[in-house]
Amino acid sequence: MMGHPIEGGDAYENAILRPERGLEVAPRLTAGYAALVELLADGEERSRAECYAAIEESGERGLATATAASLIEKAIYYGQLVGRFGYEARVGASGRARNFRVYLAYRLTPEGLRTANQRESGGDP
């Protein structure tokens, strides 16, 4: 059986944009995003590995890599994060090395910084 829909947005939306509601409906996602925001709160760009590690090691149990990726994708979708693209060599299914376009680093957008400051002050984002 699939989970029931969350009134007022999905779990990612609540964790990113409404942390007070996110704690109620998705505490682990909210903790993961809070750890990411804490890492990026100085406005500087951080590597993909640093961002994933912050999310994966958040809270008591942390989050899986796939969940961390989804959380970052949703934060970009909601305009809270921006990523810097680059190319990374990876071995494909055929065994040949190919260059893939991936995000290499992330930083908070001005809107993301405002939301982060409101989180710290306990205000409503």
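Is Phe-85 buried, exposed or partly exposed, and what is its relative accessible area? In this predicted model, Phe-85 is partly exposed, at a relative accessible area of 39%. That value lies between the limits of 20% for buried and 50% for exposed, and therefore gives the intermediate class.

The structure contains 3 aromatic pairs. One of them joins Phe-85 to Tyr-103. The ring centres lie 4.3 Å apart, with 20° between the planes. This pair is stacked, because planes under 30 degrees apart fall into that class. The contact links distant parts of the chain. Phe-85 belongs to strand E2, residues 81-91, whereas Tyr-103 belongs to strand E3, residues 97-108. The two residues are 18 positions apart. Tyr-103 is also partly exposed, with a relative accessibility of 24%.

Tyr-103 forms a further aromatic pair with Tyr-106. Here the centre-to-centre distance is 5.5 Å and the planes meet at 45°. The pair is tilted, because its angle is neither under 30 nor over 60 degrees. Tyr-106 is buried, at a relative accessible area of 3%. Phe-85, Tyr-103 and Tyr-106 together make up one aromatic cluster.

Charged side chains also sit over aromatic rings. The charged end of Arg-101 is placed over the ring of Phe-85, 3.8 Å from the ring centre. Phe-85 thus has a charge over its ring and a stacked partner in Tyr-103. Elsewhere, the charged end of Lys-74 sits over the ring of Tyr-77, at 5.8 Å from its centre.

Key:
Residues are numbered from 1 along each chain as its sequence is written. This is a predicted model: local features need pLDDT of at least 70, side-chain atom pairs count only at pLDDT 80 or more; totals for chains, interfaces and linings use all residues. Side-chain values use heavy atoms; hydrogens and water are left out. Rings of Phe, Tyr and Trp (its six-membered ring) pair if their centres lie within 6.5 Å; planes under 30 degrees apart count as stacked, over 60 as edge-to-face and the rest as tilted. Helices (H or I, at least four residues) and strands (E, at least two) are DSSP runs, numbered from the N terminus. Buried means under 20% relative accessible area, exposed over 50%, partly exposed in between (1.4 Å probe, protein chains only). A charge sits over a ring if NZ of Lys or CZ of Arg is within 6 Å of the ring centre and within 35 degrees of the ring normal.
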